Amino acid sequence: MLKRLLALVFVVALTLAVLPATSNVAAQGGVDCGTTDNVTLTFISGTVGNEQDAAKKLADNYMAACPNVTVNVGTRPTSSTLTLAQYQLYFDAQAPDVDIYMLDVIWPGIVAEHMVDLTEYVEQDFIDQFVPSNIVNNTVDGRLVALPWFAGVGMLYYRTDLLDKYGLDVPQTWDDLYTAAKTIQDGERGEGNGDFWGFVFQGNAYEGLTCDALEWQASSGGGTILNPEGVIEVNNPETIEVLDKIAAWIGDISPEAVTTFEEEGARGVWQAGNAAFMRNWGYAYPLGQADDSPIKDKFNVTTLPGKEAGMSAATLGGWQLGVSRYSANIPAAVALLKFLVGPESQVVYTLDRGEQPTIPSVYDDPQIKEQLPYLSSFRPMLEAATARPSTVSGADYANVSEMYFTAVHSVLTGEADAAQAMADLELALADAGYQLPQ
Ligand code: GLC
């Protein structure tokens with residue numbers, strides 16, 4: 001035993017003597033492997049829809065090009081809110097075993113102190129490939145805390161076959177949506193599908209509800225929770241009206257269970273063929289088009305409705321990748337991060353996932369144009385998307401969002417009416433230091 005141990009120590013010492021202690025870059029097949037040492041890196045990816053498989057494919061591509069690097073793809077909870085709670089534990093422990101974190105677009109101000117400043121490691125030319133507003137979003141006090149991996153906007157999914165069957169147009173307003181959803185639901189139930197619903201969305205008390213409710217209020221002229229100057233925008237007639245309207249849909253055109261749905265809960269009903277309309281992100285598109293999907297070639301996506309035609313709003317979503325300050329292999333992690341967010345990986349990942357690329361040239365890829373025909377029409381919407389108030393609230397964003405989605409959830413479940421919930425929320429936000437409207 002001792003002999004074997006000594007032999008091992010000897011081999012390790014020899015290896016260290018022979019290999020350069022730090023090697024800058026090992027480019028193999030055009031891929032920058034960051035190091036010639038044997039390293040293991042852990043990269044936390046998502047679990048919504050096919051996120052794990054898509055991330056593992058990129059990790060496999062990297063390991064094929066860089067055999068000295070082992071990439072572990074870790075998981076996070078499906079909910080953005082619970083993911084942040086999990087990450088806070090890692091940050092508190094200064095965990096060295098997570099190298100790359102997948103970060104929600106609203107978190108740069110929250111996670112900045114735990115991420116390396118990528119401008120110290122990544123050439124400006126590489127950074128310049130990305131949509132500039134994404135880079136601005138990810139820059140906190142001059143530090144670039146993450147590079148954008150993919151973006152997203154809220155979309156309205158609708159059943160083309162059922163709109164045709166009932167002679168209906170794509171709804172432009174929330175009231176049109178209600179009428180169309182009700183007509184289709186009544187018709188389909190009348191034909192024997194008792195599980196059929198008009199409209200599904202994300203109604204659980206978590207970050208996803210903040211996204212959906214922000215769309216309802218912004219598309220009604222009710223503002224954006226906080227405006228960029230920190231003035232509270234929740235307690236106004238437009239917001240109250242639309243929240244009461246959506247709450248009244250529950251149990252009517254939306255299942256009671258919608259108040260527990262995240263993205264996947266909504267997609268479960270939709271993709272089984274049991275909903276006329278769904279609010280979701282782009283990831284549900286390729287999954288709905290899979291060969292074994294009951295709704296393949298029976299749906300399309302468009303902009304969400306508004307109070308009046310043309311008042312549509314789409315919440316800006318998306319995820320970034322950042323390198324942990326506590327990583328034991330920062331240069332190697334940066335090299336992997338560049339591979340994951342780079343243009344070649346974005347083509348592969350976009351085809352699998354259907355979310356929006358963050359490098360404009362990726363939209364021109366011929367395969368993407370063919371398989372994801374909606375993507376180019378959603379490209380301008382990324383620039384026009386409604387941001388959650390994470391820049392003005394910074395490190396306090398998670399608190400603001402939690403206050404908001406808790407209040408909205410209480411309206412959806414019927415615990416409070418919208419007027420009361422929004423008046424209370426306004427006071428709570430004022431107590432938290434935000435400005436009351438004049
Ligand atoms: C999607 C979006 C993200 C958002 C989340 C809410 O993952 O990309 O930005 O916070 O949904 O559920």
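Where does the ligand sit? Here are my notes on this predicted model.

1. **Location.** The ligand sits in the largest cavity. Helix 9 (207-218) and strand 15 (316-323) are the elements that each give two or more residues to the shell around it. Strand 15 supplies the largest share, with three residues.

2. **Who is in the shell.** Going along the chain, you will find Asp 104, Val 105, Tyr 206, Glu 207, Gly 208, Glu 263, Trp 281, Gly 317, Gly 318, Trp 319 and Arg 388 around the ligand. Sorted by class, four of the shell residues are nonpolar, three are polar and four are charged.

3. **Polar contacts.** Three side chains are worth a look here. For Asp 104, an N or O atom of the side chain is 2.5 Å from an oxygen atom of the ligand. Glu 263 places a polar side-chain atom 2.6 Å from a ligand oxygen, and for Trp 281 the corresponding distance to an oxygen atom of the ligand is 3.1 Å.

4. **Cover.** On its own, the ligand has 310 Å² of accessible area, and the protein covers 94% of that.

5. **Domains.** Both domain 1 (2-145 + 317-384) and domain 2 (161-315 + 389-431) take part in the shell, each giving at least three residues. If you are browsing the model, Asp 104 and Glu 263 are handy places to begin.

Key:
Residues are numbered from 1 along each chain as its sequence is written. This is a predicted model: local features need pLDDT of at least 70, side-chain atom pairs count only at pLDDT 80 or more; totals for chains, interfaces and linings use all residues. Side-chain values use heavy atoms; hydrogens and water are left out. A residue is near a molecule or strand if one of its heavy atoms lies within 4 Å of it. A polar contact is a pair of N or O atoms within 3.5 Å; within protein, one must be able to donate a hydrogen and the other to accept it, and residues adjacent in sequence count only if both atoms are side-chain atoms. Accessible areas come from the Shrake-Rupley method with a 1.4 Å probe; for residues, only the protein chains shown count as cover. On a 1 Å grid over the protein atoms alone, a cavity is a set of points where a 1.4 Å probe fits but cannot get out, and a pocket is an open set with protein on both sides within 12 Å along at least five of seven lines; lining residues have an atom within 4 Å of a point. A molecule sits in a cavity or pocket if more than half of its atoms lie within 2 Å of its grid points. Helices (H or I, at least four residues) and strands (E, at least two) are DSSP runs, numbered from the N terminus. Ala, Val, Leu, Ile, Met, Phe, Trp, Tyr, Cys and Pro count as nonpolar, Asp, Glu, Lys and Arg as charged, and the others, Gly among them, as polar. Domain bounds come from an automatic or database domain assignment.
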